Amino acid sequence: MKHSYPRKICWKLTSQKNIGTEFTSKNYLGTDDSSRKSPSSNQNIINPCGIQMLPRSIHRQIFSKNNTNTISSETVVKIQEHLSIHKLHGKSVCSLPDIDLKLPGLQGHDIAEHFKRIAEKQCGNYLMKLLDFLSHGIPDVPKVWNFSPGWTKYSISGETYQVDFPDEEAYVFDVEVCVKEGHLPTLATAVSKCYWYSWCSTQLFEEKKVQDSILKTMGSNYEIKDLINLESKREQDRLILKDQKERIIVGHNVSYDRSRIKEQYFIEGTKVRFLDTMSLHIAISGITSFQRNMLIAAKSGTNDKPLKNHQMRSKSGKMEEILEWQNISSFNGLSDVHKLYCGGLGVDKEKRDIFVTGTLSDIKENFQQLATYCARDCQATFEVLCVLIPEYQKRFPHPVTLAGMLEMSTSYLPVNSNWQRYLQDSEDTYRDLENELTQSLKREADRAAHMITDKAYEGDPWLWNLDWSTKPLKVKKAAPHVQKKKKAPNGVPSMTVMGEGGDQVNEDEAGSLEIEIKRLKKQFQELFHTKDHLFKRNSFLPGYPNWYCSLCDRAQDGLVGPSEVSTSAQVVPKLLKLTWDGYPLFYSRELGWGYLVPGRPLDLSRQDENIIPFPLKEAFSLFPPRIANQNVSAQGIITAEEALVQLGQMTDLSADPLELAVHWQAIRRGSSNSMDGLKDSFPVGEQSQKKHSNYLTSDRPAWHMGIGPYDVGVPGCWFFRLPHKSGVDNNVGNPLAKDYLTKIEDGTLKATSSSIAEHILKLNRNIIYWRNARDRVVSQMVVWLGQSQLPRNVTNSDNFYPSNRYGAILPQIITSGTLTRRAVESTWLTASNAYKDRLGSELKAMIQCPPGFNFVGADVDSQELWIASIIGDSYFAGQHGSTAFGWMTLQGKKGDGTDMHSRTALAVDITRDQAKVLNYGRIYGAGERFAKTLLMQFNHRLTEKEAAEKARKMYSMTKGNSVFKLNSHGRHLASALGYQLDETVTPEQLNNIRKNAKKENKMAHLARLPTEHLVERRMWSGGTESHMFNKLEEIAQSQAPETPVLHCRISRALEPCNVGNEFMTSRINWVVQSSAVDYLHLLIVAMRYLLDVYKIEGRFSISIHDEVRYIIKEDDKFRAALALQIANLWTRCMFSFQMNLHDLPQAVAFFSSVDIDTVLRKETNMDCQTPSNPYGLKQGYGIDFGCSYDIYKILEKTGGSLESN
């Protein structure tokens, strides 16, 4: 076969083709014929895959001249053939403008040594102090504690001293809080290598102040003086730079303790760093959510079915291997962690209840025991640390990992008076809208209740089966009753008539009034006497239907109407007369919420005894059969954006695609995935499925598709279940929950009773976000700074107003909160972006820089996709973009449909945003069941079969088809039978080999071996991502899986020696997710180095998934933006270098843009209009939009230099 090389591919190949067949990426120039110049020219550098690489001026500053990728002509052919199969070879590519940038010099011979040195400089002193602390041990716990405000120091000899603060370089620290009194610290202990320390709050020595009710509900009003001082005197307002020392403080979930430390709220930051033993434990021995459930079952002594199934699936002799992980992992609490690493019975936590439920008086009374309890926690933390640190150093050898964790422990979110305004506005708007919602629901309930008068409800397809029975008014039997009247001496009832204003009237007027009163009494006398016929305790709301009575408050005798009604009440969807696709909603106890489709033959319907007759005639007139149209597309029960957010959060919080699969309930009948083994692991879905199948019918309407149909005993109707976000095996409990907001917006779910009903749906949509997030937001601990505690850079700013308040929130981030080492925090790392119809969703924008500072940050473009693609590229051909997946990630364009999301969308007929969710899910390790479930959620009119076909097509195109790599037994068997095989065989080929071997007596014993004894491992072939998945699985199946860049080891609870071949999906996902954490650590370590070296005033603020934000002095904002771009360039180059790719595509070298802003928001041009902020940030708060700058604009602003002018 003859291969022709396009002229644009390489310069050396066309001009020196007789010299040899070795080429380097340096040789590939220009994208057209006119650009075929020598490698030393200034033309764009194009690699053999058609990818534009770094300009040589930048390349020389990072990669050694000798480190160039050599590529043979055979490899070039292999790349071309692969890209041609997927119709990508020869596609036009965009040429990026050249960049000329003088980079800071590397601290070493190459980029790897550079990162090692700068990380060692950042964390070396802290590590040295920590190791010195561990080598000395700690003194015994004091027997008697000093009860006095502030710090007390305890010597080994038993002497005590009052000190300003623990002046130590390394120590363990623990804080306890009286929960009933708020967030302020109550008691603390610390221990260093020589001394113990205790701290008591002044609260324990003062009269208790009654906190204002507004403060209780609207957040804290804390100040610096209320906190624990660790670096300065209690009365000291500022921390002087020359007095700062490098200290390392250790704690279990130490971010909780950090948020109670005074100096951590200073804007400038300090040299103190925090090390979390919980994070160390999770990184070393963390478990998946599924494993956690198994541990809970084992701890409670129950025979958990998933555990049984894991045992049943195990091979004989492998049982101990499968379950060994239970012996080397635990829950994350200090008691469990201490028990795991140090043995014993764990830490006694009984006294903790006093801090949770007790008062300050209780703490005073039990001070000695509680101080000892606090000290025991410090002692246990130290003992755990002694075990964890050597293991951590062994499993995470690169200094960048520790340096990155220490930098992340300094997160800081500045706020000002707008925070309190936001809370107040959100709460006020919430109460107004909630009250309006309640009143509107009451009107709908009253309207429906009136249908009892003429039994109109019997003809209503929604209200017909409510409980319309009433309770009678209990009346006594009639009996003659004469009431004696007290008379005045003259025989006239005694009375005094008063005129207006209390004056007595004259006799004539009084006489006429008496006559009128007598007349009225006589007229209404019979009515007054009816009360004598009533029992003292009568029926509740007699005459009203029972369903209405259940919505009323008995304590108020129902006088205020249905005050207990809310959108969560089961009757509300009926009152609003909700329809799904134009059909009336119906609730089934067994199947949850669904809808009725009239038109089923009566002889096929199951008639339940004693059922209330369904108004079939009226239903037919309202919902007649329609013309069959199964090709109508529809928006799903979740948007692609929401699904992507949830997908990211699920992998962040659980770090476990198995848990992800549970969340989406991707366990469906008729499909299997031998890799995941999910069907056996999660029998709950099967039980639910079996229950649902009892009601399934074989007949169905030709004009409607949905989840069903089922027979629920309503004659003449099919029942279809509403789609559930977590999969079709789940019942819907409330169709007005937040998961159905999109269906209300697109008209699939409608309220038809009245215009008020439509308004109710809108109100519910407005308040549902704040209702769910309110408690977390209001409970944030905000500490306010006085003017003397602010840096001069703030107080000297033109935008500083003394009347304004400035403070901060320290997010309680667990720096390694999942086994992939992702950070975890319950509010800020999961906060929504602002939406016009979501009350309070402007939350993130309330994080606002103080005057004189700016936020500088960026989002890492397609971080996980690029990491996965570069792993595949290095494995396949050692060239960027050599796989179809890598090429699409680097060079694909939306415009011509060559990016991976557009390709997937076109293949299975979905939107690009929906394809994005499916692509990320697949990279995270989700299987075809996940894709099928999600496709049905994106379009609820898809049948299960259609969704399954689309999922199979998509996975065949992307992941490829399953093949096997034969081991020595398999190869011997194949060669003995004369098979000429490639490196891999398909399942069909393997079956044929075994079938033919059984006919040969000599080979029969090999043919009878199980498949796993004939194959080395399973692989993938033919897809755009096959090479990437093959490499990921190779890493995951190795004896000691580690990330390819910083060589971080997987949790012991997922290592093959402890789990065998189980949890493979989690292990594959771990490679990409944990590499993304490596990326973040490299980025923030590089940024810290540049800030320090070039004296750019700023500090790390927060990292949310793939975005990072810094607080930077306003004068330095553009230098910081350039520093961030250089840090990203170094990080990408480090990834390439460690994958043996000594070059980098220019398309990913720099952030697409760096945002400079004064508030925290996703995009700098978002005005964050919401129901609680109707005028937006610009008009409502006077906050201007920020700006985004690409690398070219930043170079213009800085002149390409990090030096200050």
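## Salt bridges, a helix and a surface patch

The count of salt bridges in this structure comes to 42. The model is a predicted one. A few of these bridges make good landmarks, so the tour begins with them.

Start with Arg-238 and Glu-268. Their side chains meet in a salt bridge, at 2.5 Å from N to O. The two ends come from distant parts of the chain, 30 residues apart. Arg-238 sits in the loop between strand 8 (222-223) and strand 9 (247-251). Glu-268 sits in the loop between helix 6 (254-258) and strand 10 (272-276). How accessible are the two partners? Arg-238 has a relative accessible area of 28%, so it is partly exposed. Glu-268 is partly exposed too, because its relative accessibility is 38%.

A second bridge stays within one helix. The side chains of Glu-516 and Arg-519 meet at 2.6 Å, N to O. Both residues belong to helix 17 (residues 507-529). They are 3 residues apart, which is about one turn of the helix. An α-helix has 3.6 residues a turn, so residues three or four places apart point the same way. Glu-516 counts as partly exposed, with 35% relative accessibility. Arg-519 is partly exposed as well, at 43%.

A third bridge joins Glu-1025 and Arg-922, again at 2.6 Å from N to O. Glu-1025 lies in the loop between strand 23 (1015-1021) and helix 37, while Arg-922 lies in helix 31, so this pair ties together parts that are 103 residues apart in sequence. Are these two residues buried or exposed? Both Glu-1025 and Arg-922 are buried.

Salt bridges can also join up. Glu-391, Lys-394, Arg-395, Arg-1049 and Glu-1055 are linked in a network of them.

Return now to helix 17 for its nonpolar side chains. Leu-527 is in this helix. With 54% relative accessibility, Leu-527 counts as exposed, because the cut-off for exposed is over 50%. Leu-527 is one of four residues in a nonpolar patch on the surface. The others are Leu-520, Phe-524 and Phe-528. Together the four have about 390 Å² of accessible area.

Next comes helix 33, residues 944-958. This helix has 15 residues. From its first C-alpha to its last it reaches 21 Å, close to the 21 Å expected at 1.5 Å a residue. Which residues of helix 33 are buried? They are Ala-947, Ala-951, Met-954, Tyr-955 and Thr-958. These residues cover an arc of only 95 degrees around the axis, so they lie on the same side of helix 33. What covers them? The cover includes helix 30 (900-908), helix 31 (912-923), helix 32 (928-938) and helix 37 (1026-1036). Helix 31 was met above as the home of Arg-922. After helix 33 comes Gly-960, whose phi is positive, near 100 degrees.

Finally, step back to the whole chain. It has 43 helices and 27 strands. Of its 1205 residues, 56% are buried. Among contacts with a separation of 6 or more, 73% are between residues 24 or more positions apart. The accessible surface of the chain comes to about 52800 Å². Carbon and sulfur atoms account for 49% of that surface.

Terms used
Residues numbered from 1 in each chain as written. Predicted model: local features only at pLDDT ≥ 70, side-chain atom pairs only at ≥ 80, totals over all residues. Heavy atoms only, no water. Helix = DSSP H or I, 4+ residues; strand = E, 2+ residues; numbered from the N terminus. Expected span 1.5 Å × (residues − 1). Buried < 20%, exposed > 50% of the residue type's maximum accessible area, 1.4 Å probe, protein only. Arc of directions from axis to C-beta. Contact = heavy atoms within 4.5 Å. Areas by Shrake-Rupley, 256 points an atom, 1.4 Å probe, with all protein chains shown as cover. Patch = residues over 30% accessible without salt bridge, like charges linked within 9 Å, V, L, I, M, F, W, Y side chains within 5 Å.
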